[in-house]
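Reader: I'm new to this one. Could you pick a single part and walk me through it closely?

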Amino acid sequence: MHKFWIVLSQTYTSRFKSKSFIITTLLFIAFVILAGNLDRIINLFANDDVENIAVIDETDQLYSMLEEQVEWSELDFALEDYQGTLEQAEEAVLAGEFVGVLHLQSDDELFLAEYYTDQLLNQSYQAQLTNFLQQIKVVMATNEAGIDPAVIESIYEPVSFETVAIELPDGTTARSEEEIGVTRGLVYVMLFVLYFAVINYGNMIAMDIANEKSSRVMEILISSSAPISQMFAKIIGIALLGLTQILIFIVAAYYMIQSRQSDFVGEFFEVFGFSDISISTYVYAVVFFLLGYLLYATLFAMLGSLVSRVEDVGQLMTPIILLIVAAFMISMFGINLPESGFVTITSYIPFFTPLVMFLRIGLLDIPIWEVALSIAILVGSIIILGVIGARVYRGGVLMYGRGVSLKDFKRALQLSKKDQ
Amino acid sequence: MTLQINRVTKRFGKFTAVDDLSIEIPEKQIFGFLGANGAGKTTTFRMILGLLDPTEGKITWEGKPINYDRTDEIGYLPEERGLYPKLKVKDQIVYLGRLRGMEKKEILVELNKWLERFNITDYLEKKVEELSKGNQQKIQFISAVIHKPRLLILDEPFSGLDPVNVELLKNAVIALKEEGTSIVFSSHQMSTVEELCEYLCIMQHGKPIVHGSLKEIKRSFGKKNLFIHADFDLTFLKDLPGVVSQKLFPEGCKLQIEDESVSQSILEAVHKKGFVRKFALEEPSLNDIFIEKVGESYA
């Protein structure tokens, strides 16, 4: 047991002090800070100049109404009542004085508008102006027809539509829409974090082992402590490293949100409202995350011990990445159809359980025995993989060949056999 | 007590790496394993260390099998360099030493002693990949002996080293033996084995061809070498009874003779011919025995 801790602490500290770890952590913190301040950064580059649009109003009543609307909506353009001719205005546009000219004329039906501009790519001014003019037109037309503005208002009011969960016989209600939305958010977060963790830290484990193999230091290591304890010391050492990194990110993100609580970013997280989820969902998230990591990490450690050169690690990453991508796809599908039989079945397949079963727990009310069964299968597979992994590890570290094949896997198992 | 290899066989599928090997390796001595590449030396060492399990037979040290409870008493220098290339010498030895049950403080004291002994004190803070091959081997050696093992296994410790470094490591091995360490090592440099080992075993295709103490092996080999330097032509000696072979040199020849008594009749024969500058009867070299036993193909 003592040697387990030595390997664990060596794995942790040597990685923790490594340049790549420090750089990725700093990069991520920088990313969090950047993302948190994105609105400020965009503002920094934004053009503060208010563009002017010339208005030639031949109706003499529209300009004041339009300007009132524009001022009230706080837009990035202003109107100017232009007194010259249309030709003069057009020249002013070409000279850069205005972005465009709005020409308003009386008509049989109220009025018509023409917009002259040399910037056809930017459609936003036209869209906004059209919108305003439409409103003015409605007001004017209803006024003329003598309809009460209150009636108009009630016509435009959105219909009231509310979903209410029916109370179940046992007194509880089905998940409310907000709850499900929030759980979906958590499932997305979990998907991302598990995917990131498996690929990033799994790769670290495989690299570490392949490194020790290619430098042949492995032979000394396994002559001084048991391979199985070494393998798990590595897996757990890297897991602690990963948790440290994730913790650093969370702390960085927390301070980021704290410092901007009053701003939009803070509000966004309040709306997201992770606090609405029950504690058990959080517990499940942590449990499934850790078990999922352990399962994939054991797989990586096993395969890492089969290659003899660091270059070959990439080759064996692919099947595992395909597995986690499959889990990802199933969850994406399952998020909208959590009750489908396909999702139910896949939630018991250990490689998919961490994501798919978690999704079902979050979105549905499933009996506790189902959860217990899936966790049992998951834990069982980890143990089986761990036992096979340790044997492959023991045999594999003595094999030095090119590439990886199923044959190598068999040979590694054979090498570690007690008696054959 | 000794290290006992009792009727050990190791098969990898259909290939037999070690075939019914039985050897007793005495305590506090240096035991040499000789053999061509692929003779089964490394496999035998891996079985002694418990890295591989024998297909048949048993290996015991002081009456008990070697397992992970006893690895702190064993030192191992693998055939290939086995060090972390990116790690500093100090961190490297501290880690490997701790895995052999030592405390950090102790390790640093011992490490400094060894670095001084090998005249490489400047390398304490250097990365292993920056060192020359010879110096890497010294570090490798230190990692195998830092915890003062009682049983030391050295797989080809001197291969690829210059004569100065070979001498340095040899002296270190002899010093360890005098301190009471039991040492097993393999080599295909006959002269080194001859110089260091009291006991040895020559392996071929996984089988021990010859084993026992060096003196006994030489004595039971029977054949002796006779070196004669003379002014006249010595080719006629080849046809005398009891002469196995003759190798001519510019200043004389080397005869391999069946046993000591043959030398007397040869002495008489050359004495009559004229002036003899050198007439020396010598024990066969290990090289002679090896070549004879393993076959000309290896030489």
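Author: Sure, and one term comes up right away: two residues are in contact if their C-beta atoms, placed from the backbone, lie within 7 Å. Keep in mind that this is a predicted model, where local features need pLDDT of at least 70, side-chain atom pairs count only at pLDDT 80 or more, and totals for chains, interfaces and linings use all residues. Residues are numbered from 1 along each chain as its sequence is written, while chains are lettered from A and ligands numbered from 1 in the order in which they are written.

Let's look at helix H2 of chain B, residues 89-99. Helices here are DSSP runs (H or I, at least four residues), numbered from the N terminus. Nine of the eleven residues in H2(B) are buried, meaning that 20 or more other C-beta atoms lie within 10 Å of a residue's own. Among them are B:Val89, B:Ile93, B:Tyr95 and B:Leu99, and B:Gln92 and B:Arg98 are on that list too.

What does the covering? Helices H3 (104-117) and H4 (133-145) of chain B are part of it, and so are H1 (2-16) and H9 (217-224) of chain A. Just past the helix, H2(B) is followed by B:Gly101, which has a positive phi, near 85 degrees.

Those two chain A helices turn up again where the chains meet. There, 19 residues of chain A are in contact with 21 residues of chain B. On the chain A side, H1 and H9 each supply at least two residues, and H9(A) gives the largest share, with seven.

Definitions and conventions. A residue is buried if 20 or more other C-beta atoms lie within 10 Å of its own, exposed if 12 or fewer, and partly exposed in between; C-beta atoms are placed from the backbone.
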